[in-house]
Amino acid sequence: MDDATDLRAAGLRVTAARLAILAAVRSGNHLDAEHIAAGVRDQVGHVSTQAVYDSLHALTGAGLLRRIEPAGSPARYEVRVGDNHHHLVCRGCGEVTDIDCVIGEAPCLEPSASHGYVIDQAEVVFWGVCPACRAAAPGGTPG
């Protein structure tokens, strides 16, 4: 399926801005709204920041995008949805990398107590330093 078909199937109007948002998110690496808006403006001209936020909210609600919020970082978006994967985040540059579930099926981790919840997803963020930041640090180690 293509983006227009996916938008229609989700009950959303097909607009140039929404198509550009999906393309920008797909072409980037866990972009924040500011970078997505810049990509959209490069493709379709002027689009307000509020329109981008509204569309990101609608696309996330429709399950076409996933929103992640690493601590200390603005919300970021990705098109990889529905598979309960996790993320690696670099403490140096903020780079985010997808990592598959250790077990593979949602939720892939079990809490010590469920407190009556029916758990269907686990979200894990691994923190470290990426190879580029390690190589750029004096002596090859961040400090």
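**Helix α2, residue H30 and two sheets**

Helix α2 uses its buried residues to pack against α1 (3-9), β1 (31-32), α3 (33-44), α4 (49-61) and β3 (76-78). Contact here means heavy atoms within 4.5 Å, and buried means under 20% relative accessible area, with exposed over 50% and partly exposed in between (1.4 Å probe, protein chains only). Helices (H or I, at least four residues) and strands (E, at least two) are DSSP runs, numbered from the N terminus.

The model is predicted: local features need pLDDT of at least 70 and side-chain atom pairs count only at pLDDT 80 or more, while totals for chains, interfaces and linings use all residues. Residues are numbered from 1 along each chain as its sequence is written, and side-chain values use heavy atoms, with hydrogens and water left out.

**Overall chain**

- The protein chain contains five helices and six strands, and their order along the sequence is α-α-β-α-α-β-β-β-β-β-α.
- The C-alpha trace spans about 45 × 45 × 25 Å along its principal axes.
- Of the 143 residues in the protein chain, 34% are buried.
- Among contacts with a separation of 6 or more, 43% are between residues 24 or more positions apart.

**Helix α2**

- The buried residues of α2 are A17, R18, A20, I21, L22, A24 and V25.
- Helix α2 (residues 16-27) has twelve residues and, at 1.5 Å a residue, should span 16 Å; its end C-alpha atoms are 16 Å apart, which agrees. The expected span is 1.5 Å times one less than the number of residues.
- The axes of α2 and α4 come within 10 Å and cross at roughly 70 degrees. Axes are lines fitted to C-alpha atoms, for helices over the stretch in contact, and angles run from 0 to 180 degrees between N-to-C directions.
- The two helices α2 and α4 are therefore roughly perpendicular to each other (angles under 35 degrees count as roughly parallel, over 145 as roughly antiparallel, 65 to 115 as roughly perpendicular and the rest as oblique).
- On the α2 side, R18, I21 and L22 make this contact; on the α4 side, V52, S55, L56, A58 and L59 do.

**Residue H30**

- H30 lies in the loop between α2 and β1 and counts as buried because its relative accessibility is 6%.
- The H30 side chain makes a polar contact with the side chain of E78 at 2.8 Å. A polar contact is a pair of N or O atoms within 3.5 Å; within protein, one must be able to donate a hydrogen and the other to accept it, and residues adjacent in sequence count only if both atoms are side-chain atoms.
- The H30 side chain also reaches the backbone oxygen of V96 at 3.3 Å.
- Leaving aside neighbours within four places in sequence, H30 is in contact with I68, R76, Y77, E78, H87, V96, T97 and D98.

**Sheets**

- Two strands pair if DSSP finds at least two bridges between them.
- One open sheet has three strands in the order β1-β3-β2, with antiparallel pairing; its edge strands, β1 and β2 (66-68), each pair on one side only.
- Two bridges join β1 and β3, and D32 stands opposite R76 in β3.
- Another open sheet of three strands has the order β5-β4-β6, with mixed pairing. Its edge strands, β5 (96-99) and β6 (125-128), have a single partner strand each, so one side of each is left without a neighbour in the sheet.
- The twist in this β5-β4-β6 sheet averages 25 degrees from one strand to the next.
- Strand β4 (residues 86-90) runs parallel to β6 and is joined to β6 by four bridges; V89 stands opposite W127 in β6.
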